[in-house]
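Biologist: Please take a close look at the part of this model that a sequence record marks as a binding site, and then follow the chain outwards from there. I would like a careful account, with each term explained where it comes up.

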Amino acid sequence: MLKKRILLKIGSNTLTKDTDHISRGKIEDIGRQIAALKDQYEFIIVSSGAIAAAKQFVKLEHNGEEIDVKQALASIGQPHLMRIFQENFRELGLFTSQCLLSYSDFEKEGSKINIKNTINVLVANNFIPIINENDTVATDEIKFGDNDKLAGLTAALLAADILIIATNTDGIYTKASLASNTPKTITSVSDLDELSQEIGDSKSTHGTGGMQSKIDAATIAKNAGIETWITNGLADNFIIDAIENKSVFTKIKA
Ligand SMILES: Nc1ncnc2c1ncn2[C@@H]1O[C@H](COP(=O)(O)OP(=O)(O)O)[C@@H](O)[C@H]1O
Ligand SMILES: N[C@@H](CCC(=O)OP(=O)(O)O)C(=O)O
């Protein structure tokens with residue numbers, strides 16, 4: 001049976017479960033679901049969380065918002081993040097690998113071919129590629145920190161069937177419901193311009209992109225014929241529940 005390919009993007013807030021620490025429990029929850037689904041689905045992960053991982057181990061002299069400090073934190077945290085993935089996934093019989101990519105790589109035909117070939121070899125050999133931005137070389141101009149777009153570009157390049165963006169809300173809420181503090185999810189939509197009208201510019205503690213960047217990622221996916229699901233990664237079993245339609249999330253049709 002031909003497996004469906006899922007590109008799973010995990011935001012910093014999902015990985016930390018909205019705390020100051022990377023949650024081993026959440027990484028285990030994700031691994032357990034991937035293991036349960038592995039006969040029908042193959043997974044490629046885009047994971048944020050390098051900066052969040054570093055903050056749990058170090059306090060740099062300048063622990064500010066400067067781009068070079070964030071880049072240094074990402075460099076410190078990325079190996080810790082990968083170690084946590086590796087330790088938890090190995091217990092479940094899953095193998096992981098790391099790919100660090102830059103936006104500029106998606107502008108070079110040669111690099112795109114290499115990314116595609118490498119990841120296809122990894123997946124064919126049952127390794128789960130875990131992708132993050134190559135934060136050391138990223139610059140302000142190419143919008144450092146926004147892994148949603150990276151997930152959209154990767155899903156398109158690797159011809160995923162579904163792009164799942166895990167965040168800390170039950171998908172995208174209507175603006176009116178947010179204003180009245182009774183969040184109501186937009187469950188199915190195909191007009192992305194209409195959807196953008198519903199978005200506020202708020203972000204959560206560790207997040208960088210906010211909801212608009214998830215819609216930008218969905219736009220890239222849609223143009224490549226890929227459906228996007230925006231799901232609540234804080235919930236246990238969120239991937240399987242979305243597949244089985246047991247949870248409330250936003251489906252952006254291709
Ligand atoms: N219409 C909306 N529905 C849901 N969340 C929204 C909406 N508009 C803005 N947001 C904000 O987007 C945040 C998710 O994006 P972000 O903080 O970047 O998280 P992540 O780390 O998962 O990428 C939500 O926590 C919320 O504050
Ligand atoms: N690439 C960096 C920043 C990514 C980030 O925070 O993005 P997101 O949580 O998807 O809004 C990291 O791994 O910490």
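Modeller: A word on burial comes first: a residue counts as buried if 20 or more other C-beta atoms lie within 10 Å of its own, as exposed if there are 12 or fewer, and as partly exposed in between, with the C-beta atoms placed from the backbone. What you see is a predicted model, in which local features need a pLDDT of at least 70 and side-chain atom pairs count only at pLDDT 80 or more, while totals for chains, interfaces and linings use all residues. Residues are numbered from 1 along each chain as its sequence is written, and chains are lettered from A and ligands numbered from 1 in the order in which they are written. The chain has a mean pLDDT (the predictor's confidence in each residue, from 0 to 100) of 92, and 93% of its residues reach 70 or more. For the complex, the predictor gives an ipTM of 0.96 and a pTM of 0.95.

The part you ask about comes from an unreviewed UniProt entry, whose "binding site" annotation covers S48, D135 and N147; such positions are given in the numbering used here, feature names are shortened, and the annotation may be inferred rather than shown by experiment. These residues are spread over 100 residues of sequence, yet they cluster in space, the largest C-alpha distance among them being 10.6 Å.

S48 sits in the loop that runs between strand 2 (41–47) and helix 3 (50–57), where helices (H or I, at least four residues) and strands (E, at least two) are DSSP runs numbered from the N terminus. S48 counts as buried because it has 29 C-beta neighbours inside 10 Å. Beyond its neighbours within four places in sequence, S48 is in contact (C-beta atoms, placed from the backbone, within 7 Å) with I10, G11, S12, L15, N132 and N147, so that one annotated residue touches another. D135 belongs to the loop between strand 4 (127–133) and helix 6, and with 21 C-beta neighbours inside 10 Å D135 is likewise counted as buried. Its contacts, again leaving aside residues within four places in sequence, are A50, Q71, A74 and S75.

A50, which D135 touches, leads on to helix 3, where A50, I51, A52, A53 and A54 are buried. The buried residues of helix 3 pack against helix 1 (12–16), helix 4 (67–91) and strand 4. Helix 3 and helix 4 pack with their axes 6 Å apart and at an angle of about 90°; here axes are lines fitted to C-alpha atoms, for helices over the stretch in contact, and angles run from 0 to 180 degrees between N-to-C directions. Helix 3 is therefore roughly perpendicular to helix 4, since angles of 65 to 115 degrees receive that name, those under 35 count as roughly parallel, those over 145 as roughly antiparallel, and the rest as oblique. In this packing, A50, I51, A52, A53, A54, K55 and F57 of helix 3 meet K70, L73, A74, I76, G77, Q78, H80 and L81 of helix 4. The residues of that contact divide into 10 nonpolar, 3 polar and 2 charged, where Ala, Val, Leu, Ile, Met, Phe, Trp, Tyr, Cys and Pro count as nonpolar, Asp, Glu, Lys and Arg as charged, and the others, Gly among them, as polar.

On the other side of the loop that holds D135 comes helix 6. The axes of helix 6 (residues 147–157) and helix 9 (residues 210–223) come within 8 Å and cross at roughly 10°, which means that helix 6 is roughly parallel to helix 9. Helix 6 contributes D148, K149, A151, G152, L153, A155 and A156 to this contact, and helix 9 contributes S213, K214, D216, A217, A218, I220 and A221. By class, the residues of the contact are 8 nonpolar, 2 polar and 4 charged.

From A218 one can step to L192, which lies in helix 8 (residues 192–196) and is in contact with I215, A218, T219 and K222, apart from neighbours within four places in sequence. L192 and K222 are 30 residues apart in sequence and 9.4 Å apart in space, C-alpha to C-alpha. With 15 other C-beta atoms within 10 Å, L192 is partly exposed.

Methods:
Two residues are in contact if their C-beta atoms, placed from the backbone, lie within 7 Å.
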